[in-house]
Amino acid sequence: MTRSMSEAGEGTRPGPPGRKVRAIGLLSGGLDSTLAARVLLEQGIEVVGLHFSTGFCMNDHRRALGRPDEDPKRMRNEGLRAGADLGIPIEVLDAGEAYLRMVLNPKHGYGKRANPCIDCRIFMIHGAADYMREHGGDFVFTGEVLGQRPMSQHMQSLKLIEKECGIAGYLLRPLSAHHLPATLPERLGWVDRDRLLAISGRSRKEQMALSERWGLRDYPQPAGGCCFLADENFAKRFHDKKQHASPEEIRREELILLKVGRHFRLGPTVKIIVARDEAENNFLGRFASGAWRFEVLGCGSPITLAEGEPDDRQKALAASITARYSDRRTEPLVEVTARQGGREEKLLVPPVADAALEAYRI
Ligand code: SF4
């Protein structure tokens, strides 16, 4: 559904002398950020949405894998989709290396999984503030709802985020505004506080009613559903990685590889990743340069990639695990080819027994 200004019920809102009020918002494309933008549009405020590409979005990853039978909805960029529904411009910003460094060493720690939600919010709001300074804008808004999410949306967290993001007084949360002190844009009359909302808590009833009212029905599942950092399996691999290397040593591509395949730790400095299907084989293949790569030739076989430098025992184990997931898993002995750069080795191994396998699984 697209929306025109005439539907907003109000024209341009009087703002800074001689021009329209311009709001810069974080737009993940989830229901809350979409509604927050819509609440401001209702007042005739110009809205620009920023969507951060963090490297941990599940939809982006599915798009990179490109499985032919994947549901297109699960591969789309929800920020762009929400922008189209709202009829507003969206800027997609690469969160880059600085975001990865924050994820590996968050000042305010992790939530239940590997999610550094407080630092993540501060990072993005900082980015929005920079964008506002560079491209023009009067304040920043988010779709945060007081009390909705355990880590980042308590009153204390909301205050902390505002304090640390460097734009105190210019950060508006339209959905929970009436639970929070009035911001400067409200006090200056750029935003009509009476038309902001007083939503709080985990129930999403009010948001659903609003989405019905405004015809915004096409949105993804709420709260962290698209973020690998909040995923249980990803978090196990992430914390395993951190236990075996200091944050400064962990490379970007090692974090990317936590998103694919089955992971097994063979030693303190060696782990392997076993692809689960052809799409993951292709994905792993892109990261094979310089790493040992195992495969059963001539049959359906996963690609297994080793991180670190495996010794002979670990190579045999990696081969045995590769054989276990190949089409020849029921045979007593399987020949597995191991390659690294120009080197090649043939390993004749029995497929590992499932009971033994579990001891290595991350
Ligand atoms: S769930 Fe992920 S994207 Fe969302 S705030 Fe937490 S870390 Fe950031």
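Biologist: Leaving aside its neighbours within four places in sequence, with which residues is Gly166 in contact?

Modeller: In this predicted model, Gly166 touches His126 and Ala129. A contact requires C-beta atoms, placed from the backbone, to lie within 7 Å, and both of these pairs count as contacts. Gly166 itself sits in the loop between α6 and β5.

Biologist: What makes Gly166 partly exposed?

Modeller: There are 13 other C-beta atoms within 10 Å of Gly166. A residue is exposed at 12 or fewer and buried at 20 or more; the value of 13 falls in between, and Gly166 is therefore partly exposed.

Biologist: How far is Gly166 from Asn105, by C-alpha atoms?

Modeller: Their C-alpha atoms are separated by 20 Å, and the two residues stand 61 residues apart along the chain.

Biologist: Why are α5 and α6 called oblique to each other?

Modeller: The axes of α5 (residues 117-135) and α6 (residues 155-164) cross at roughly 40°. Angles under 35 degrees would count as roughly parallel, and 65 to 115 as roughly perpendicular. An angle of roughly 40° fits neither range, so the pair is oblique. The axes come within 9 Å, and the crossing is right-handed.

Biologist: Which residues of α5 and α6 meet?

Modeller: From α5, Ile118, Arg121, Ile122 and Ile125 meet Ser157, Leu160, Ile161 and Glu164 of α6.

Biologist: What makes α1 oblique to α8?

Modeller: Helix α1 and helix α8 (residues 205-213) have axes that cross at roughly 55° and come within 10 Å. That angle lies outside the ranges for roughly parallel, antiparallel or perpendicular, so α1 is oblique to α8. Leu31, Asp32 and Leu35 of α1 make the contact with Gln207, Leu210 and Ser211 of α8. The crossing here is left-handed.

Biologist: Across which strands does helix α1 lie?

Modeller: Helix α1 (residues 31-41) lies across β1 (22-26), β2 and β4 (139-141). With respect to β1, α1 runs at about 170°.

Biologist: In what order do the five strands of the open sheet stand?

Modeller: The order is β3-β2-β1-β4-β5, with parallel pairing. The edges are β3 (90-94) and β5 (171-172), since each of these pairs on one side only.

Biologist: How do you know that β2 and β3 are paired, and how many bridges join them?

Modeller: Pairing requires at least two bridges, and five bridges join β2 (residues 46-53) to β3. The criterion is therefore met. Within this pair, Leu50 stands opposite Glu91 of β3.

Biologist: What makes strand β7 mostly covered?

Modeller: In β7 (residues 270-274), five of its five residues are buried. Each therefore has 20 or more other C-beta atoms within 10 Å. Val270, Ile272 and Val274 point one way, and Lys271 and Ile273 the other way.

Biologist: Which strands are joined to β7, β6 and β9, by how many bridges?

Modeller: Strand β6 (residues 262-267) is joined to β7 by five bridges, and strand β9 (residues 304-307) by four. Both pairs run antiparallel. Arg265 has Lys271 of β7 as its bridge partner, while Ile273 is opposite Leu305 of β9. A hairpin is formed by β6 and β7, with two residues between them.

Biologist: How far apart do the C-alpha centres of domain 1 and domain 2 lie?

Modeller: They lie 42 Å apart; the domain assignment gives domain 1 as 5-228 and domain 2 as 260-357.

Key:
Residues are numbered from 1 along each chain as its sequence is written. This is a predicted model: local features need pLDDT of at least 70, side-chain atom pairs count only at pLDDT 80 or more; totals for chains, interfaces and linings use all residues. Two residues are in contact if their C-beta atoms, placed from the backbone, lie within 7 Å. Axes are lines fitted to C-alpha atoms, for helices over the stretch in contact, and angles run from 0 to 180 degrees between N-to-C directions. Domain bounds come from an automatic or database domain assignment. Angles under 35 degrees count as roughly parallel, over 145 as roughly antiparallel, 65 to 115 as roughly perpendicular and the rest as oblique. A crossing is left-handed if the near helix is turned anticlockwise from the far one by less than a right angle, and right-handed if clockwise.
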